[in-house]
Amino acid sequence: MKFSFSKYVWFDGKFVLRTKAKVPVTAHAIHYGTSVFEGIRGYWNTKNLFIFRLEEHTRRLRNSGKFYHISLNFSDKQIKSAIMNLCKKNNLRKSCYIRPFYFVGEYGINLHVTKKAPTHIVIITFPFGDLFNKNGISATVSEWRKFSDTSTPTQAKMGGNYLNSILATQDAKQRGFDEAILLDQSGNVSEAPGENIFLVKNNELITPPLSSSALDGITRKSIIAISKDMGFKSKVRKVGKNELKMADEVFLSGTAAEITPVVKIDKNRIGDSKVGNVTKLLMTAYSNIVMNKNKKYSHWLTKVY
């Protein structure tokens, strides 16, 4: 997927031309992955741009850094304001992706990162459509396992953590699949490289628990709430690898992926190899919510213009 980045970024409190935003090669984050990020979606519904769950994303951005004592030197209010104003500055009037991140700057090669380590924050934006084919994708159970909390905090969205996801994605693509599914250290289903995973069995939604090294995804939590309001039951429980091929439906969820149906896992067809009825209903409901067509969930949206 090609990205056309917007003209301006927000860098340490100022709007800067993206081509002028520079980071020294001695930045600690380049050497050790000491960066913290979020992925946020903005949706244009022909009348306004709506940012989905901005409050929750901003809170998680700060909390991720706390795991590593990396300081975010701007308030949540300042960050939310910067995101909205950057969208305006770039005159974004189409659906977009918003990437705020902060990182440790020049700190030598010292591994003892403390709250006093110098940090910088950047926010970038770019127009963004579908990450995956919404008619369904293929996936493979990766040979790589998801790391656990015994080695690295699984709830921290750190740059370095996603090397695990890169390995799984490379493995999947090299074997001809669209996406990977990672198992946890015990061999249970965890998540995809950048998405949570849901199974549907007998009209009930099932998703792995955080104890299976799954991220506490904001889209994941949204789907659980939406499905409950739609009358579907949902369970958060451990999911065995063999349950994947027995599921009626499987889909991935995430900010970039939204709700993406999985119609094939390894050699196994899921359902009838088409988007399942429950998945289809959830996709429609989710689309209506982010486009501000369902007033019950309007509190999840932040209007830009």
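Reader: Why is Asp 171 called buried?

Author: Because its relative accessibility is 11%, and buried means under 20% relative accessible area, with exposed being over 50% and partly exposed in between (1.4 Å probe, protein chains only). Please keep in mind that this is a predicted model, where local features need pLDDT of at least 70 and side-chain atom pairs count only at pLDDT 80 or more, while totals for chains, interfaces and linings use all residues. Residues are numbered from 1 along each chain as its sequence is written, and side-chain values use heavy atoms, leaving out hydrogens and water.

Reader: What makes Arg 175 and Asp 171 a salt bridge?

Author: Their closest N and O atoms are 3.0 Å apart, and the rule asks for a side-chain nitrogen of Lys or Arg within 4 Å of a carboxyl oxygen of Asp or Glu. The pair therefore qualifies. Arg 175 itself counts as partly exposed, because its relative accessibility is 37%. By this rule the count comes to 14 salt bridges.

Reader: How do you know that Lys 80 and Glu 55 link distant parts of the chain?

Author: First, their side chains meet in a salt bridge at 2.5 Å, N to O. Lys 80 sits in helix H3 (residues 76-89) and Glu 55 in helix H2, with their positions 25 residues apart in the numbering, that is, 25 residues apart. Helices here are DSSP runs (H or I, at least four residues), strands are runs of E (at least two), and both are numbered from the N terminus. Glu 55 is called partly exposed because its relative accessible area is 37%.

Reader: Which residues are linked in a network of salt bridges?

Author: Arg 41, Asp 130, Lys 134 and Glu 258.

Reader: Why is Arg 220 called buried, and what is its salt-bridge partner?

Author: Arg 220 has a relative accessible area of 5%, so it is buried. The partner is Asp 216, with the closest N and O atoms 3.5 Å apart. Asp 216 is partly exposed, because its value is 24%.

Reader: Where else does Asp 216 appear, and what makes that place a pocket?

Author: Asp 216 is among the residues lining the second largest pocket, including also Arg 59, Phe 67 and Lys 221. On a 1 Å grid over the protein atoms alone, a pocket is an open set of points with protein on both sides within 12 Å along at least five of seven lines, whereas a cavity is a set where a 1.4 Å probe fits but cannot get out; lining residues have an atom within 4 Å of a point. The volume is about 190 Å³. Helix H2 (54-66) and helix H5 (218-229) each supply at least two lining residues, and H2 gives the most, with 5.

Reader: Why is Val 239 called buried, and which residues does it touch?

Author: Val 239 has 0% relative accessibility, so it counts as buried. Its place is in the loop between strand S13 (233-236) and helix H6 (243-246). Not counting residues up to four places away in sequence, Val 239 touches Asn 188, Val 189, Leu 199, Ile 206, Thr 207 and Pro 208, where contact means heavy atoms within 4.5 Å.

Reader: How do you know that the chain agrees with a compact globule?

Author: The globule rule, 2.2 Å times the number of residues to the power 0.38, is set against a radius of gyration taken over C-alpha atoms. For 305 residues it gives near 19 Å, and the chain has 19 Å, so the two agree. Of these residues, 53% count as buried.

How values were computed
Grid points are joined across faces, edges and corners, and a volume is the space filled by probe spheres set on the points.
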